[in-house]
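Here's a walk through this model, starting with the overall fold and ending at the odd backbone spots. Keep the 3D view open as you read.

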Amino acid sequence: MSIFHTDIAIIGAGPQALTLVTHLLQKKKKMRDRLTAGLSPGFQVFDPSGTWLANWHQQFAAQEIPHLRSPAVHHPDCNPHTLLSFAEKRQDELYAPYNRPGTKLFQDFCETVIDRWHLQDQVTKAQVVGLTPQKGRFCLTLADGRRRSPVGWFSQLAQRRLKSQTGLSISN
Ligand SMILES: Cc1cc2nc3c(=O)[nH]c(=O)nc-3n(C[C@H](O)[C@H](O)[C@H](O)COP(=O)(O)OP(=O)(O)OC[C@H]3O[C@@H](n4cnc5c(N)ncnc54)[C@H](O)[C@@H]3O)c2cc1C
């Protein structure tokens, strides 16, 4: 079985993961430089879809939701005002109260965030099926049998929460 190493493993490529990655990149110049140079940035994102926000888009489309419930300052980019700037010529897609963005506006905005941070090819198409703590590291098992060994370490409490929320197999 092959084992690959990464500093930070992020399970799932939803809005929370995208937000985490943009904030990491904003704070860590070394990660930005590696990413723009086409090198491994020091994090790896896993999602069975192989793309960002697949679950989000699928759920909004399935329920035909016309606009978000959250105001326009809540989005995956670091600067809360970038969505409002992006919507400058699309004011009819901001809904009262609190400028809640339309579903298409939000989707288009997220695409610009993914492009601007060079994240198009940063989602590995894989489902994580197991987590095993190993000598200060954490070993992830992917559904295809490959393994990743990130530096990160979860507390016992975090492990219990992760297990109950995701159903992942977590061994000690
Ligand atoms: C009807 C509805 C309306 C909503 N409206 C809003 C709104 O207006 N504004 C707002 O902010 N929030 C809204 N939400 C909530 C929002 O959808 C969630 O808060 C948000 O999607 C959570 O982001 P996430 O990245 O944690 O999870 P998700 O969006 O669920 O993404 C998790 C990703 O992880 C992947 N994944 C799961 N398990 C594994 C695994 N083992 N290995 C690899 N990948 C895995 C999944 O495939 C998925 O792609 C709404 C939710 C619903 C249901």
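Let's say that two residues are in contact if their C-beta atoms, placed from the backbone, lie within 7 Å. With that rule, take the contacts in the chain between residues at least 6 apart in sequence: 61% of them join residues at least 24 apart. What you're looking at is a predicted model, where local features need pLDDT of at least 70 and side-chain atom pairs count only at pLDDT 80 or more, while totals for chains, interfaces and linings use all residues. Residues are numbered from 1 along each chain as its sequence is written.

Helices and strands here are DSSP runs numbered from the N terminus, with helices being H or I over at least four residues and strands being E over at least two. On that count the chain has six helices and ten strands. For burial, count the other C-beta atoms, placed from the backbone, within 10 Å of a residue's own: 20 or more makes it buried, 12 or fewer exposed, and anything in between partly exposed. Of the 172 residues in the chain, 23% are buried.

A good place to start is the open sheet of three strands, which has the order β2-β3-β6 with parallel pairing. Its edge strands are β2 (8-11) and β6 (123-125), each of which pairs on one side only. Strands are said to pair if DSSP finds at least two bridges between them. Four bridges join β2 to β3, and three join β3 to β6. You can follow the register through Val45: Ile10 stands opposite Val45 in β3, and the bridge partner of Val45 in β6 is Val123. Next along, Phe46 has Thr124 as its bridge partner in β6. Neighbouring strands of this sheet are turned by 30 degrees against each other on average, direction ignored; the axes behind such angles are lines fitted to C-alpha atoms, for helices over the stretch in contact, and angles run from 0 to 180 degrees between N-to-C directions.

How many residues of β3 are buried? Five of its five. In a regular strand the side chains alternate between the two faces of the sheet. In β3 both faces are covered, with Phe43, Val45 and Asp47 buried on one side and Gln44 and Phe46 buried on the other. Helix α1 lies across β2 and β3, running at about 170 degrees to β3.

Now for the ligand. It is surrounded by 25 residues, and the closest are Gly12, Gly14, Gln16, Leu68 and Ser70; a residue counts as near if its C-beta atom, placed from the backbone, lies within 6 Å of the molecule. The elements that give two or more residues to this shell are α1 (15-27), β3 (43-47) and α3 (54-62). Of the elements, α3 gives the most, with four residues. By class, the shell has twelve nonpolar, eleven polar and two charged residues. Here Ala, Val, Leu, Ile, Met, Phe, Trp, Tyr, Cys and Pro count as nonpolar, Asp, Glu, Lys and Arg as charged, and the others, Gly among them, as polar.

Helix α5 (residues 103-116) is worth a look too. Its 14 residues should span 20 Å at 1.5 Å a residue, and its end C-alpha atoms are 20 Å apart, which agrees; the expected span is 1.5 Å times one less than the number of residues. Leu105, Phe106, Phe109, Cys110, Val113 and Ile114 are buried in α5. An α-helix has 3.6 residues a turn, so residues three or four places apart point the same way. The buried residues of α5 pack against α1, α4 and β5.

Elsewhere, six bridges join β7 (residues 128-134) to β8 (residues 137-142), which run antiparallel. Pro133 stands opposite Phe138 in β8.

Last, the backbone oddities. Most residues other than glycine have a negative phi, and most peptide bonds are trans. In the β7 and β8 hairpin, which has two residues between the strands, Lys135 takes a positive phi near 45 degrees. Just after α5, His118 has a positive phi of about 60 degrees. Glu64 has a phi near 50 degrees and lies in the loop between α3 and α4 (82-86). Glu64 counts as exposed because it has 7 C-beta neighbours inside 10 Å.

The loop between β4 (94-95) and β5 (100-101) holds Pro97, and the peptide bond from Ala96 to Pro97 is cis, with omega near -10 degrees. Asn99 lies in the loop between β4 and β5, with a phi near 55 degrees. With 16 other C-beta atoms within 10 Å, Asn99 is partly exposed.
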